[in-house]
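Hello,

I am passing on a structure that you have not seen yet, and I hope you enjoy looking through it. Please open it first, and then read my notes beside it.

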Amino acid sequence: MFVNILLPDLSFPAFSLVISRGDVENSYVCQRVSYALNTAYCAGPKQPPGEPLTLRLISNKDQTVLAEGNLSIIGLAFPTLGVALYTPPPGAPTPTGTELSSPAASFSTAFPSPSVLPTRTKPLPPYPNPYPNPSYP
Amino acid sequence: MTPWLDGLTVLVNEGRLTAAILLAVIAGQGLVSFLLRVLFGERLIPAERLALSLTGWTFPLLFLSLLWYFTGLDWLFWILPAVPILFLLSRLRTDLKPALPLTSLFLLLFFFLTLPLRLAYLSQTDLPLYFDSAQHYLIIKTLLLKNQSLLWGWLGASYYHFGFHFLAAFIANAAAAEIARVMLILGQVILLLIPFSVFFLVRQQTDSDMAGGFALLLAAFGWYMPAHAVNWGKYPALMSLGLIPFVLSLASLIHRHAGGFSVTKRRLAYGMLGASILLTILTHSRSAVVLGIILLAWAGVTRLEKDAPRAAPLVFFLAAAATILQAAFLLKQDVLKPLFDPYLFKSAAVTAMVLLLAVFAWKAYPHLTFISVLTVAAMLGGMLLPVTILPPYPNLTLLDRPYVEMALWLPLSLLGGLGLAGVQKALKRRWLWNAAVLLAGAVIVVNASFTHRLYPSECCVLVGRDDAAAIAWLDANLPLDATVGIASSLLRLTSADVAEGEAGADAGIWITPLTGRTTVLLSNASAFDKESTLKEICKLRVGYLFVGERGQPFHSAALLSRPAWYKPLLLMPRTGVYEVIGCD
């Protein structure tokens, strides 16, 4: 499961997420998004829908509880084929996604050279799009 | 009050970076001010020198950033505090006049009051807006690697306007700050300082502080341009719009005063002018066209007034009529019609007031009024004039619509300022003049309160919170050599109304700048449920697909309808990352 969290401010300390379901506790490693200052995400085991979950944000430094709340994944929508969509509950932390499976075998956090440029290709069908969007709300 | 509070919050949260950028502004301004004092002495009053140096602050900073990049001397930024320190030491002399006359204080007050207003923009966005910003980010990141061969390779493959990027990289390196935040704050500071150029031009021409101040207000808040350009990520163009009036002002001053210069001073003056022209063009190549247009307008008007002064009014009215006809023609072109959105559809009252003031401007200051009108006419015409000498760009026109849309405030603000000074000359009674100033100022303030947005525009936000988290997840989990297909749409910029190329249409455009993964642009209308599309994707060796939360993303329903071809790796309500598993 993938939990996307909106943090209150920049001083919020490093933390991990613990989700309890009944007697079962699962820990989720959380990372701050370096370029989105108030955003962090946590990834870990799946949780079943419908059951009440207790979420706790635990400070990595001294294991104190930074935030706590209960929620259950109350809605699942299946737009086409087994896709989990649900209504996020009011208030933070707000889980907004589901990690469905582990991706590629190779895994690395090393940063490659940013000089790799997007390759431009011919699009398939044309799509009209005046640039920049003329509307000014 | 909310924007001010939001801006002050940003100021506190981003204090270190904002301080570094303001230090750069103060140092750049101080150096330009010193050079202006050396060259022109008391011919410029302190407020004029302050306004002009605030316009040209980027000029020495650009020099320094180039020096930093090519020498690798990281400590160069930290020589900047020496400028304000030396200035303060020089003020210790007791025989000097007060450093800040009333008009200078007004300019500084305007600066410090509008700084939080501009910074409020950052309170609602983490990344700069639109797809251009992602390119700028990537260039700045490449510059920070300080690998010159990479830069030259890049220049050969895809030319871009570099001035803003060198400056942003220089500051990001010195302040050890996140590139996106540097772009955002630097962009807002540049935006804040651009209008000071108009104060100088009007004040110099009219000797009226009030007219200069009015032009400043008009340039800053009269229309939603140039402020809206930050929503398009047009940072280099925005920076060039500050440098163009600086070059013009400097050229005008040198033209007027160089006759009395010593050889050394003349060399310094022309050296400074030449360098500022080069740096302006480095910042944005279209600046060369705008500078050329204004130079031609100036030369033509000067010649006409000298050789056929009686014909000048007739030619002026012909030019004004041509401008109106061109505008009427352009209004009928779907691609170019948005040009008038800031000036006719959203701020018609301000534009109408400026047109009325232009009559007084023509009466009192025909020379500069004529040049301004000719410049507008030529800029509009420049969008229709094809440039066929550049084979890779068959549909290129001399100027493109976004650039002209961003730049039209400059001649219009000049006309407004000159016009108000013209009103001052026409009105004999002081109270009438005061009433005119109050009325004109009120029109701007009331109009701005309805039309001027200080926060990111919904039109151009491509990255949502889920997108930012998904890209971070993608960075941590996809292989380094992964190729990700991202949504794109076609660009239409010129009067030719043909596609100029493709541009990223959702947050996927940020994947390469933020994670270094290779991305491939695919039409956002791709029919992923068709086998032909899968074959195309497989041919391009696209291993993953990214669906963004905002903008014009791929249709995820089509992806989800083919589980044998596309495997969802990460799904959020709208954002998604898919692995392409249907290739042989």
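Let me begin with a pair of helices in chain B: H2(B) and H5(B) are oblique to each other. The reason lies in the angle, since their axes cross at roughly 55 degrees and come within 8 Å. H5(B) covers residues 82-90, and its crossing with H2(B) is left-handed. If you would like to find the meeting point on screen, look for B:Ile26, B:Ala27, B:Gly30 and B:Leu31 on the H2(B) side. Across from them, H5(B) brings B:Val83, B:Pro84 and B:Phe87.

Please keep in mind that this is a predicted model.

A second helix pair

H9(B), residues 163-175, and H10(B) have axes that come within 9 Å and cross at roughly 120 degrees. That angle makes H9(B) oblique to H10(B). The crossing of H9(B) and H10(B) is right-handed. On H9(B), the contact uses B:Leu167, B:Ala168, B:Ile171 and B:Ala172; on H10(B), the partners are B:Ile179, B:Val182, B:Met183 and B:Leu186.

A covered helix

How many of the 10 residues of helix H3(B) are buried? The count is 9, so to speak of H3(B), residues 46-55, as mostly covered is fair. The buried residues are B:Ala47, B:Glu48, B:Arg49, B:Leu50, B:Ala51, B:Leu52, B:Ser53, B:Leu54 and B:Thr55. Which helices do they pack against? The list has H2(B) (15-40), H6(B) (102-119), H10(B) (179-193), H11(B) (196-206) and H13(B) (235-257). You will recognise H2(B) and H10(B) there from the helix pairs above.

The two domains of chain B

The domain assignment splits chain B into domain 1, residues 2-458, and domain 2, residues 462-580. Their C-alpha centres are 37 Å apart.

Strands in chain B

Strand S3(B) takes in residues 518-523, and 6 of its 6 residues are buried, so the rest of the structure largely encloses this strand. In general, side chains in a regular strand alternate between the two faces of the sheet. Both faces of S3(B) are covered. On one side sit B:Thr518, B:Val520 and B:Leu522, and on the other B:Thr519, B:Leu521 and B:Ser523, all of them buried.

What does S3(B) pair with? Strand S1(B), residues 483-491, runs parallel to S3(B) and is joined to it by 6 bridges. A good place to look is B:Ile486, which stands opposite B:Leu521 of S3(B).

Further along the chain is strand S5(B), residues 566-571, where 5 of the 6 residues are buried, so S5(B) is also largely enclosed by the rest of the structure. S5(B) pairs with S6(B), residues 576-580, in the antiparallel sense over 5 bridges. One of the positions to check is B:Leu570, whose bridge partner in S6(B) is B:Val577. The two strands are joined by a hairpin through 4 residues.

One loop residue

B:Phe340 is found in the loop between H16(B) (312-331) and H17(B) (341-345). Why does B:Phe340 count as partly exposed? A residue is buried with 20 or more C-beta neighbours within 10 Å and exposed with 12 or fewer; B:Phe340 has 17 inside 10 Å, so it counts as partly exposed. Leaving aside residues up to four places away in sequence, B:Phe340 touches B:Leu331 and B:Phe345. From B:Leu52, one of the buried residues of H3(B), B:Phe340 is 288 residues away in sequence and 29 Å away in space, C-alpha to C-alpha.

Chain A

Chain A has 7 strands and 0 helices, so to speak a run of β-β-β-β-β-β-β from the N terminus on. Of its 137 residues, 26% are buried. Among contacts between residues at least 6 apart in sequence, 51% join residues at least 24 apart.

A pairing to look at here is that of S5(A), residues 52-59, with S6(A), residues 65-72, which is antiparallel with 7 bridges. Within this pairing, A:Arg56 has A:Glu68 of S6(A) as its bridge partner. The hairpin of S5(A) and S6(A) has 5 residues between the strands, and A:Gln63 takes a positive phi near 60 degrees there.

Best wishes

Key: Residues are numbered from 1 along each chain as its sequence is written. Chains are lettered from A and ligands numbered from 1 in the order in which they are written. This is a predicted model: local features need pLDDT of at least 70, side-chain atom pairs count only at pLDDT 80 or more; totals for chains, interfaces and linings use all residues. Two residues are in contact if their C-beta atoms, placed from the backbone, lie within 7 Å. Domain bounds come from an automatic or database domain assignment. Two strands pair if DSSP finds at least two bridges between them. Axes are lines fitted to C-alpha atoms, for helices over the stretch in contact, and angles run from 0 to 180 degrees between N-to-C directions. Angles under 35 degrees count as roughly parallel, over 145 as roughly antiparallel, 65 to 115 as roughly perpendicular and the rest as oblique. A crossing is left-handed if the near helix is turned anticlockwise from the far one by less than a right angle, and right-handed if clockwise.
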